[in-house]
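Colleague: Please show me the model, and let me ask how its descriptions are justified.

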Number of protein chains: 2
Amino acid sequence: MVVGAGLAGLVAARELGAAGAEVIVVEAQDRVGGRTWTRRVGGVPVEMGGQWIGPAQPYVNALARELGVETFPTEVPGRTVFYEGGSRSEYEEDEAVPFREPDAASEVREAFEALDGLAKEVPAGAPWTAGRAAEWDGQTLETWKLRHARSRGARFYIDLAVQSLYACEPRDISLLGVLSDVAASGGSGGLFEIEASAEESRFVGGAQELSVRVAEGLEGRVVLSSPVRRISQEHDGVLVESDAVSIRAGAVVVAVPPVLRGRIEYEPALPAAQDGLSQRMPMGAVIKCHAVYDVPFWRGMGLSGRAEGDTGPCRVTCDNTTPGEDAGVLTGFILGADARLWGQESADEREAAVLECFARYFGEEALHPRGYAECDWGAEVHARGGYAGVPVPGFFLDHGFALQEPVGRVHWAGTETASEWNGYMEGAVGSGLRAAREVLSVLTGAGFGQGDLPGKVDRSRGRPRAGATGTGG
Amino acid sequence: MVVGAGLAGLVAARELGAAGAEVIVVEAQDRVGGRTWTRRVGGVPVEMGGQWIGPAQPYVNALARELGVETFPTEVPGRTVFYEGGSRSEYEEDEAVPFREPDAASEVREAFEALDGLAKEVPAGAPWTAGRAAEWDGQTLETWKLRHARSRGARFYIDLAVQSLYACEPRDISLLGVLSDVAASGGSGGLFEIEASAEESRFVGGAQELSVRVAEGLEGRVVLSSPVRRISQEHDGVLVESDAVSIRAGAVVVAVPPVLRGRIEYEPALPAAQDGLSQRMPMGAVIKCHAVYDVPFWRGMGLSGRAEGDTGPCRVTCDNTTPGEDAGVLTGFILGADARLWGQESADEREAAVLECFARYFGEEALHPRGYAECDWGAEVHARGGYAGVPVPGFFLDHGFALQEPVGRVHWAGTETASEWNGYMEGAVGSGLRAAREVLSVLTGAGFGQGDLPGKVDRSRGRPRAGATGTGG
């Protein structure tokens, strides 16, 4: 059985079902999709959570094709608004970012090139085995940034890239964590750039549609509104107790973020290393804000809806309009420390500040949307942050090996466990496939080779052992 | 009422009871004392958890006097064993540490002096208001160490100090977190030095005796073996649901480590900032190991039982013998990354490695104790690590203000919430007093001034506000 009807859990269940296993999914919320969630606001669909995919993401693309969920390109032509030090400018896609300091643009480019260089030394899926892992997991990305960017502009732009990509501040994430993602996605260009490969397309009907269709295929075997409280391992299986149902099964896939793993009770208790993992991957912080207008008025001004700024609440925005709808949607992200601060204000104050921010970027018309909606993922009890768990310094060295490691009949899925594209829908799908095949291998004794498992880490490579503990320093 | 019968929770209950409030304490474990726990091993008492106090710790000393729990000095005369790079040496208390590199000792001294200098700029109890808070909370202590110590010896010795003090690696803790503790305890000497003020004395009968006596004074109002699962706020009080009892009360003091706060369900759910706090203070990792011998044989060799080394499993040991008992007790600490690795080995392998380590320090006689016991605090389900929660980079900037901040009728205690001596018994006692007086102030409207509350943070000083979010960089 499966805990969690997000994309990872549902894909695991689908795969188990396709292999002939009886499967049931138990979900805490009253909907499927986890951190993908499509709502209607001002008469049009808007994406409250994950929404983008790219061409270098095979599993999620294959799933969409199988389910008949179509995609459309994200790109909106036009100039980007750039807001630095209280001053607004615009630039074309083929122009340099108009930093106030002349050195900033080249510093940003050189910094990303330096990251790419280091990432070449990081084995994808097992970053803790890199030769310089201790050095890189000993520091925050902030420390690295301060060494590699001198100008104010370059520093804020790197901040913005980290905030946009991880919904955290550079101080919150291990340098090794970033290098690991750069390595696994083929270079910083695919991760950090604005119209990057990871954001190339969106789903017709919204990203949640993938989960909705997989759940339909499971024909009633998804139990909603039933938080799982306790997982007991018995001599021949597991007992999973949730508010609405208790279920015995041969094995369980727990497909929730690491921090939420730790909030389930286990019998016997999780080993210290596994529980410690759940303590050291806090969720990013994001409030995703949408304003719906009668038309995408910024397009008439030659603007793409993209803004980049050094001032909150929304330091980054995009045009999130759905093709074929008249209404235009502007989406702003409140990220990292901004999200923590603005999350404490009233909804009215926050909305007013977001719209004023949009007006700074796109003019007064932005103050009068026909609809407004937001999602503070940190306030969602069954997510407790977004986009994903963030590896703090030391996480990979001490706990990385345990991300995928089953504990008896308890297996782990969720985008954070993915060796490639972790934090993305791609990682979620890949992790669900891997976990399902692990379970099938156990249940049937079929002995699926590790080569069959997407993103499966070969733990013989570099699982740390006590006997090998070196000296200090 | 109070959740958690550790020192903080029991002190809060005692204070509430003394003020005439009806009070009940609900505890998950089958004993009181939390992270203090005295067991008998080989016929003598040994301390599985916290055990030391110092003269600069007023609240715990006053409590001990009131309860009639006596103390005795920790110090054992004799030479310290020093083990570096596979080579064993000894040194007297008034000699320099015999590092292999000539510069190491002065580098260590200069590094601690530099920490003391920075700490003078950190307001005790509100480190996030320091002028350079963003710089210091943006980096790990590891980053700082690599800049301030060049020699291998100095680096391992700083590692050892951090491991000994926090049960974590320098990469696991924010520089600002360390500076905050140095500031609150009057300088690094009181924290880091070997026979430091914070370790000057021990309790006759063991540190748990404080909790046992406070619990006796509560006359049956402590419910054991009843984990709290859910706290609901109602319009005129709280409902606390635990396995054995459900209790309505006017207010509740939750006196558990931050990570365990997050594992209770709240209705309404905790605000994102409060839940985020529980995600960003992972527990340190420690396995405390005791070997009991017929006599403290190392004393006859002129040794104090203290060892310091760069090789696991126990990089630091001490003589933990109880005066008046014939038997000698050697205690070794497996700390930080060592604890995570050794925690995954079998108990037999671990015991053998610990005794071999003791034998390297104190000779072959150490291989044959008459009793052996250990506690892996990470495996204790109702502690999930030790000694305490460790602030990761960014913790204080984003969440520090929320450590003591009540959420409606839910108040917080526990050593991690203390403004002074957090992580120590002193911090636990102080936090319990503060939380009790907060509750009394609410329940009676008596308006206790903030000046009455030990370690109470004046949140008007520097609580971050969304409107004040600055620019990037």
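Modeller: A helix axis here is a line fitted to C-alpha atoms over the stretch in contact. Keep in mind that the model is predicted.

Colleague: What angle and what distance between axes describe the packing of helix 1 and helix 15 of chain A?

Modeller: Helix 1 of chain A (residues 7-18) packs on helix 15 of chain A (residues 425-444) at about 40°, and their axes lie 7 Å apart.

Colleague: Why is helix 1 of chain A called oblique to helix 15 of chain A?

Modeller: Angles under 35 degrees count as roughly parallel and 65 to 115 as roughly perpendicular. The angle of about 40° fits neither range, so helix 1 of chain A is oblique to helix 15 of chain A. The crossing of these two helices is right-handed.

Colleague: Which residues of helix 1 of chain A make the contact?

Modeller: Helix 1 of chain A contributes Leu7(A), Ala8(A), Val11(A), Ala12(A), Glu15(A) and Leu16(A). Among the residues of helix 15 of chain A in the contact are Met425(A), Gly432(A) and Arg437(A). By class, the contact between the two helices has twelve nonpolar, two polar and two charged residues.

Colleague: How do you know that the two copies are related as by a two-fold rotation axis?

Modeller: A turn of 180° with a shift of 0.0 Å along the axis lays chain B on chain A, with an RMSD of 0.0 Å. The copies are therefore related as by a two-fold rotation axis. In chain B, the C-alpha of Arg263(B) is the nearest to that axis, at 2.4 Å.

Colleague: Why do you say that the copies meet through the same surface?

Modeller: Because 98% of the interface residues of chain B are also interface residues in chain A.

How values were computed. Residues numbered from 1 in each chain as written. Chains lettered and ligands numbered in written order. Predicted model: local features only at pLDDT ≥ 70, side-chain atom pairs only at ≥ 80, totals over all residues. Heavy atoms only, no water. Least-squares fit on C-alpha atoms with pLDDT ≥ 70 in both. Contact = heavy atoms within 4.5 Å. Axes fitted to C-alpha atoms, helices over the stretch in contact; angles between N-to-C directions. Helix = DSSP H or I, 4+ residues; strand = E, 2+ residues; numbered from the N terminus. Parallel < 35°, antiparallel > 145°, perpendicular 65-115°, else oblique. Left-handed = near helix turned anticlockwise from the far one by under 90°. Nonpolar A, V, L, I, M, F, W, Y, C, P; charged D, E, K, R; others polar.
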